[in-house]
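Visitor: Could you take me through one part of this model in detail? I would like to see how two packed helices meet, and then what lies around the open space.

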Amino acid sequence: VYPDRSWITAEQGQLRRLGATVREVELSTMEPSAAQEAIRESEGIFVHGGNTFFLLQELQRTGLPSVISSFVRSG
């Protein structure tokens, strides 16, 4: 979406320097089961940029709201 991704690269670099493993996913191309597995395998979620309405659409399509809620409740 962004021709200049330098700010995204910088933010991901900072997360890596803090010891995080960064995995970038594109929800719009993922099957719901793959998206849910990606969340379950993660220790955190970082969302950068984009259209919030499109994000909501893809979250709902993949069934992630309940997975993320469970993720948050478990700490």
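Guide: Here is a close look at a helix pair, followed by the pocket that the pair helps to line. Please keep in mind that this is a predicted model.

Let's begin with the packing. Helix 2, which covers residues 32-40, packs with helix 4, residues 64-73, at an angle of about 10°, and their axes are 10 Å apart. Angles under 35 degrees count as roughly parallel, so helix 2 is roughly parallel to helix 4. The crossing of these two helices is right-handed.

Now for the side of each helix that takes part. Helix 2 brings Ala35, Gln36, Ile39 and Arg40 to the contact, while helix 4 brings Leu64, Val67, Ile68 and Phe71. Sorted by class, the contact of helix 2 with helix 4 has six nonpolar residues, one polar and one charged.

Both helices also appear in the lining of the largest pocket, where helix 1 (6-17), helix 2, helix 3 (52-62) and helix 4 each supply at least two residues. The space in this largest pocket comes to about 1,200 Å³. Its lining has 35 residues, and those closest to the centre of the pocket are Arg23, Glu24, Val25, Phe46 and Val47. Helix 3 gives the largest share of the lining, with five residues. As for its chemistry, the lining of the largest pocket has 18 nonpolar, ten polar and seven charged residues.

Notes
Residues numbered from 1 in each chain as written. Predicted model: local features only at pLDDT ≥ 70, side-chain atom pairs only at ≥ 80, totals over all residues. Heavy atoms only, no water. Axes fitted to C-alpha atoms, helices over the stretch in contact; angles between N-to-C directions. Helix = DSSP H or I, 4+ residues; strand = E, 2+ residues; numbered from the N terminus. Parallel < 35°, antiparallel > 145°, perpendicular 65-115°, else oblique. Left-handed = near helix turned anticlockwise from the far one by under 90°. Contact = heavy atoms within 4.5 Å. Nonpolar A, V, L, I, M, F, W, Y, C, P; charged D, E, K, R; others polar. 1 Å grid on protein atoms, 1.4 Å probe; cavity = no way out; pocket = protein on both sides within 12 Å on 5 of 7 lines; lining within 4 Å. Points joined across faces, edges and corners; volume = space filled by probe spheres on them.
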